[in-house]
Amino acid sequence: MNAQHDLPPIILAANDYNRLLFTAMIRQKHSRRTPDFLLTELRRAEVCHPAALPEDVVSTNCRVIYRIDDEPKSRAHLLVHPDELIWPGAEVSVATPLGTALLGLRVGDRMPFQDDDGQTHEVFVEGIGLRFLDDGPLVTRNPGGITWA
């Protein structure tokens, strides 16, 4: 899986794509390595209307169940935009190498990524849990919980 054509295809909702492109460009000005990976993934993504995003695709604001390398136990985290990270133990930022690797994958896909130390790993998506829809002010996540207006 070293060549780009061997990577699994990724699908992103247009609202995620636009917001992440902006985030990556801002972060790139600060010379961080992760935005390069994020920008590379955004370039190869298929973009669709949010309502057309398949249910088995990892997006922001969804709980993803995954394994890294050959771990015996699954992990589960909510994938969030970096400025919305409020529960670090329960969430993973899409701006991290792991978060970028998960973004847009389908259940059953595997994706290589390099951690902050430069070690290569592979993430395997086992499932998609609860997905919070981005309906503007209708759903608000905060440290005390989730509020529906």
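## Surface and overall make-up

The accessible surface of the protein chain comes to about 8,200 Å², and 54% of that area belongs to carbon and sulfur atoms. Of the 149 residues in the chain, 41% are buried. Please keep in mind as you browse that this is a predicted model.

How many helices and strands does the protein chain have? There are three helices and nine strands. Followed along the sequence, these elements appear in the pattern β-α-α-β-β-β-β-α-β-β-β-β. Contacts also link parts of the chain that lie well apart in sequence: taking those between residues at least 6 apart, 56% join residues at least 24 apart.

## Confidence in the model

The pLDDT averages 84 over the protein chain, and 83% of the residues score at least 70. One stretch to treat with care is residues 135-149, where the pLDDT is below 50. In the model this stretch nevertheless has 29 contacts beyond near neighbours in sequence.

## Helix α1 and its two faces

Let us turn to a helix. Helix α1 covers residues 14-28, which makes 15 residues in the helix. From the first C-alpha to the last, α1 reaches 21 Å, close to the 21 Å expected at 1.5 Å a residue.

Which residues of α1 are buried? They are D16, L20, T23 and A24. These residues lie on the same side of α1 because they cover an arc of only 100 degrees around the axis. On the face turned away from that buried side, α1 carries the exposed residues N18 and F22.

## Cysteines

Two cysteines deserve a look, C48 and C62, and both of them are buried. The relative accessible area is 13% for C48, while for C62 the value is 0%. As for disulfides, the count in this model comes to zero, with a pair of cysteine sulfur atoms required to lie within 2.5 Å.

## Two loop residues with positive phi

Next come two backbone details. N61 has a positive phi of about 65 degrees although it is not a glycine. This asparagine, N61, is found in the loop between β2 (46-48) and β3 (62-68). Is N61 buried or exposed? With a relative accessible area of 10%, N61 is buried.

D69 is another residue other than glycine with a positive phi, here near 55 degrees. Its place is in the loop between β3 and β4 (75-80). D69 has a relative accessible area of 32% and is partly exposed, whereas N61 is buried.

## S93 in strand β5

A last stop is S93, which is found in strand β5 (residues 91-93). S93 counts as buried because its relative accessibility is 8%, and the cut-off for buried is under 20%.

Which residues does S93 touch, not counting residues up to four places away in sequence? The partners are L79, V80, H81, P82, L85 and G99. For one of these, H81, there is also a backbone distance to go with the contact: the C-alpha atoms of S93 and H81 are separated by 5.6 Å, although the two residues are twelve residues apart along the chain. Two other partners, L79 and V80, fall within β4, which spans 75-80.

How values were computed
Residues are numbered from 1 along each chain as its sequence is written. This is a predicted model: local features need pLDDT of at least 70, side-chain atom pairs count only at pLDDT 80 or more; totals for chains, interfaces and linings use all residues. Side-chain values use heavy atoms; hydrogens and water are left out. pLDDT is the predictor's confidence in each residue, from 0 to 100. Contact means heavy atoms within 4.5 Å. Helices (H or I, at least four residues) and strands (E, at least two) are DSSP runs, numbered from the N terminus. The expected span of a helix is 1.5 Å times one less than its number of residues. Buried means under 20% relative accessible area, exposed over 50%, partly exposed in between (1.4 Å probe, protein chains only). The arc is that of the directions from the helix axis to the C-beta atoms. Accessible areas come from the Shrake-Rupley method with a 1.4 Å probe; for residues, only the protein chains shown count as cover.
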